[in-house]
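Got the viewer open and a selection box ready? Let's take a walk through the structure, one stop at a time.

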Amino acid sequence: MLFKPISQNFNDFVIDRDKERCINCEVCVRQCSYEAHFWDDARQCVMHDNTKCVGCHRCEALCPTGCLTIKKNPADFRDNALWTPTYMKHIYKQGDTGGILLSGMGSPSAKPIYWDNLQLDASQVTNPSIDPLREPMELRTYLGSKPDKVEVEETPEGPRLKTKIGPQIKLEYPMMFSAMSFGSINFNLHKAMAMAATELGIVYNTGEGGLHPTLYKYGANTIVQVASGRFGVHKDYLNAGAAIEIKVGQGAKPGIGGHLPGEKIDEEVSKTRMVPVGSDAISPAPHHDIYSIEDLLQLIYALKEATEYRVPVSVKIAAVHNAPAIASGIVRAGADIVVLDGFRGGTGAAPTMIRDNVGIPVELALAQVDNRLRDEGIRNWASLVVAGGTRCSADVIKAIALGADAVYIATSALVAVGCTLCGRCYTGKCPWGIATNEARLKKRQNPEIAAKRLTNLVKAWGHEIQEMLGGMGLNSIESLRGNRDKLRGIGLNEVELDILGVKHAGR
Amino acid sequence: MGKKVTLDADGVYYKQLNEQIRDAIRNGAEEIELLNVRGQRYIGNAIDKPVKFLVHGVPGQDMAAFMRGAFIRVEGNAQDGVGNTMDDGEIEINGMAGDVLGYAMRGGRILVKQDVGYRVGIHMKAYMDKAPIIVAGGKAGDFLGEYMAGGAIILLGMDSTMPENAPITGRSLGTGMHGGVMYIRGEVPEYQLGPGLSFHPLEEEDMAFIRTHVEAWAKAFGKDAEEAMKGTFRKVKPFSKRPYGNMYVGTN
């Protein structure tokens with residue numbers, strides 16, 4: 001007789017507790033927000049329930065005696081190349097509930113990662129390499145529309161730029177913290193991103209959740225986002241940042257909206273989003289005032305009017321099949337920055353099928369968008385930013401060589417503060433204190449310490465980028481932008497090489 | 001009576017016109033009369049002072065977007081996007097208004113004498129003491145009040161340029177609604193309602209609320225409030241604050 005779901009014991013992980021070393025201190029019990037560990041009164045010791053483990057490794061990380069190891073459940077289904085356990089478990093769950101599969105974080109599916117098939121060049125003998133430790137190495141980046149030509153006039157004080165240049169975001173590193181809304185992650189991490197961005201001379205993005213009143217002072221290092229729900233969007237918010245970003249799409253869930261569940265909306269989130277406590281914050285799939293490029297133009301200029309043309313306006317889309325044509329339209333609609341978000345980009349929650357099956361690799365989209373804008377002679381009208389699954393500084397530098405002006409990072413920023421990619425952000429119970437607004441959990445992130453870790457990460461990547469640039473004999477990131485001759489493909493077919501616009505290694 | 005400024009918009013591009021408006025406000029204008037307005041966009045955009053605008057002609061798209069606290073009266077029709085993400089203030093349109101009126105509007109009130117277009121009041125939301133209100137004297141297109149999260153829409157279906165047999169509202173009325181309320185005067189077939197929604201009986205306080213705003217509408221456009229109140233109102237409100245709460249099953 002079935003009295004529980006058939007999949008109950010098909011858990012993904014098992015908790016291995018070394019009884020020799022366990023001192024029953026109950027740290028694991030307190031740390032696990034999913035209640036996988038518990039105090040067993042009858043046995044007078046700590047016990048666990050493997051079915052509740054999500055594999056976040058929080059208990060393992062904090063166990064004072066190191067007695068815990070979280071392992072993949074070794075129980076194997078019969079080998080079947082088609083019916084992998086992931087698909088079977090999904091079906092069991094849907095048989096139980098009739099629900100749409102929901103996931104957190106970017107797609108874990110095994111799809112090509114083109115960064116790994118691209119190799120950088122280095123100088124040998126001729127064009128000597130440069131040592132960034134002893135010689136200047138420019139990483140500074142300006143995002144915004146650049147004029148078709150510049151005119152300089154001679155004055156008694158020397159030459160002066162005659163051309164009026166539109167508003168720009170000034171970055172000391174070609175990286176920014178990507179949009180993660182206050183609500184999806186908590187205040188401590190928003191503050192940490194704001195502090196780190198200020199310290200680094202870069203910017204962070206608010207995501208669609210408004211800007212907490214105490215973070216307005218970091219405005220010079222903030223991009224404020226406007227998405228379809230328009231949460232917390234008002235005149236002061238629009239004027240608070242260094243730029244405004246219209247979020248049309250997100251790489252993890254192209255074509256659909258967002259949905260912050262009511263239980264994640266506490267007093268502070270409510271104040272910032274300007275919606276009632278406990279009510280769902282639903283962002284519709286499209287902006288219902290944007291059904292065309294002309295409508296997009298209308299919103300871009302509404303935002304420019306609202307800020308009296310002081311800040312650049314960015315438009316973010318998911319990398320999809322027709323990205324080049326769409327990007328061309330976006331640039332012609334007046335956007336100063338275009339953001340391409342790839343399908344490996346993170347999310348607090350996305351329908352699994354969409355996350356794993358919609359969109360194209362951002363590397364291909366980037367190369368094609370850059371080509372298209374160049375072919376049309378409008379590449380300088382807007383800066384190009386890529387987002388979605390940037391794991392290391394080599395990914396960043398390859399993106400820039402392919403044609404990006406800068407890169408958005410978010411998952412890597414979360415990993416820097418402890419995220420283990422367990423993918424349960426949508427539960428609001430993140431044991432690492434990241435994707436949660438529960439008081440007892442969010443205090444696990446200290447804004448100062450998190451800011452330090454984020455600063456460390458970007459500085460480290462910055463140094464690595466300088467080293468790689470120096471190795472290529474370049475002393476400025478500007479010299480690498482769109483310089484695909486510095487890239488060679490390995491293990492790619494002719495179509496892929498053609499799309500990426502790079503030669504195969506050996507050529 | 002504050003300082004009054006008159007601007008002739010004849011042949012002036014929207015960018016210059018709005019600059020002139022902002023300059024006038026910076027110089028202390030409290031009342032601005034705009035003459036010969038012919039489609040200039042963004043009039044009143046992000047104005048956060050209690051300025052009184054009188055617009056003669058047809059203002060262009062996104063009038064009063066992000067506006068906070070100004071008053072605009074339009075002697076004529078208005079185009080799409082009136083009151084987009086508006087925070088506060090009052091708008092009177094002595095004519096018809098286009099699509100997407102009051103999109104994501106958070107506060108203030110918009111009175112329209114006659115018809116409004118498609119996608120009106122989508123994602124209106126209320127917060128603390130703010131609750132946006134739209135009153136339209138005519139008929140509305142599809143998707144009225146879709147995703148509505150707060151505030152109120154009152155549709156009278158009286159002063160319309162549409163054929164008499166045209167429905168008062170279109171399809172997908174209130175789809176995804178999770179807050180706020182709509183009052184529609186006259187008959188609305190059930191099939192026009194979004195999934196899960198139904199009509200609710202009106203309480204006394206509903207009638208008092210409707211009266212307050214219908215009287216304001218009647219006063220603004222020289223109409224008879226009593227005649228409007230004679231009709232039967234249908235009330236639409238959400239069935240849940242969490243309409244999509246139980247649709248998902250978590251995995252990783």
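Start where the two domains of chain A meet: 8 residues of domain 1 are in contact with 7 residues of domain 2. Keep in mind that this is a predicted model. To colour the two pieces, select 32-73 of chain A for domain 1, then 141-149 plus 166-504 for domain 2. Their centres, taken over C-alpha atoms, are 36 Å apart. Which kinds of residues does domain 1 of chain A bring to this contact? Its touching side has 4 nonpolar, 3 polar and 1 charged residues.

**Into the core**

Now select A:V338, A:L340 and A:V385. These have the most contacts inside the largest nonpolar core, a set of 228 residues. Zoom in on A:V338 and show what surrounds it. Leaving out residues up to four places away in sequence, A:V338 touches A:V315, A:A327, A:I330, A:V331, A:A382 and A:L384.

**Where the chains meet**

Next, show both chains. Here 40 residues of chain A are in contact with 38 residues of chain B. On the chain A side, pick out α3 (85-97), β5 (100-103), α5 (235-238) and α7 (293-306), each of which supplies at least two residues. Which element of chain A gives the most to this side? That's α7(A), with 5 residues. Sorted by class, the side of chain A that touches chain B has 16 nonpolar, 17 polar and 7 charged residues.

Stay with β5(A) and add strand β12 of chain B, residues 248-250. The two strands pair in the parallel sense over 3 bridges. For one bridge to look at up close, select A:L102, whose partner in β12(B) is B:G250.

**The sheet of chain B**

Hide chain A and switch chain B to cartoon. You should find 11 strands forming an open sheet with mixed pairing, in the order β1-β2-β3-β4-β5-β6-β7-β8-β9-β11-β10. Find the edges: β1 (3-8) and β10 (199-200) of chain B each have a single partner strand, so one side of each has no neighbour in the sheet.

Close to the β1 end of that order, select helix α1 of chain B, residues 14-26. It packs on the sheet, touching β1 and β2 of chain B, and its direction makes about 165° with that of β2(B). From there, move to β2 (29-38) and β3 (52-58) of chain B, which run parallel and are joined by 6 bridges. In that pair, B:R38 has B:V58 as its bridge partner.

Now go to β9(B). Is this strand buried or exposed? 7 of its 7 residues are buried, so β9(B) is largely enclosed by the rest of the structure. Look at what it pairs with: β8(B) runs parallel to β9(B), over 5 bridges, while β11(B) runs antiparallel to it, with 4 bridges. Two residue pairs to click on are B:I153 opposite B:M182 in β9(B), and B:R185 with its partner B:F233 in β11(B).

Then add helix α2 of chain B, residues 204-221. This helix lies across β5, β6, β7, β8, β9 and β11 of chain B, at about 60° to β7(B).

**Last stop: the domains of chain B**

Colour chain B by its domain assignment, with 1-88 as domain 1 and 95-245 as domain 2. Their C-alpha centres lie 25 Å apart. Where they meet, 14 residues of domain 1 of chain B are in contact with 17 residues of domain 2 of chain B. The domain 1 side of this contact divides into 4 nonpolar, 7 polar and 3 charged residues.

Conventions
Residues numbered from 1 in each chain as written. Chains lettered and ligands numbered in written order. Predicted model: local features only at pLDDT ≥ 70, side-chain atom pairs only at ≥ 80, totals over all residues. Pairing = 2+ DSSP bridges. Axes fitted to C-alpha atoms, helices over the stretch in contact; angles between N-to-C directions. Domains from an automatic or database assignment. Nonpolar A, V, L, I, M, F, W, Y, C, P; charged D, E, K, R; others polar. Core = buried A, V, L, I, M, F, W, Y, C linked by C-beta atoms within 7 Å. Buried ≥ 20, exposed ≤ 12 C-beta atoms within 10 Å, placed from the backbone.
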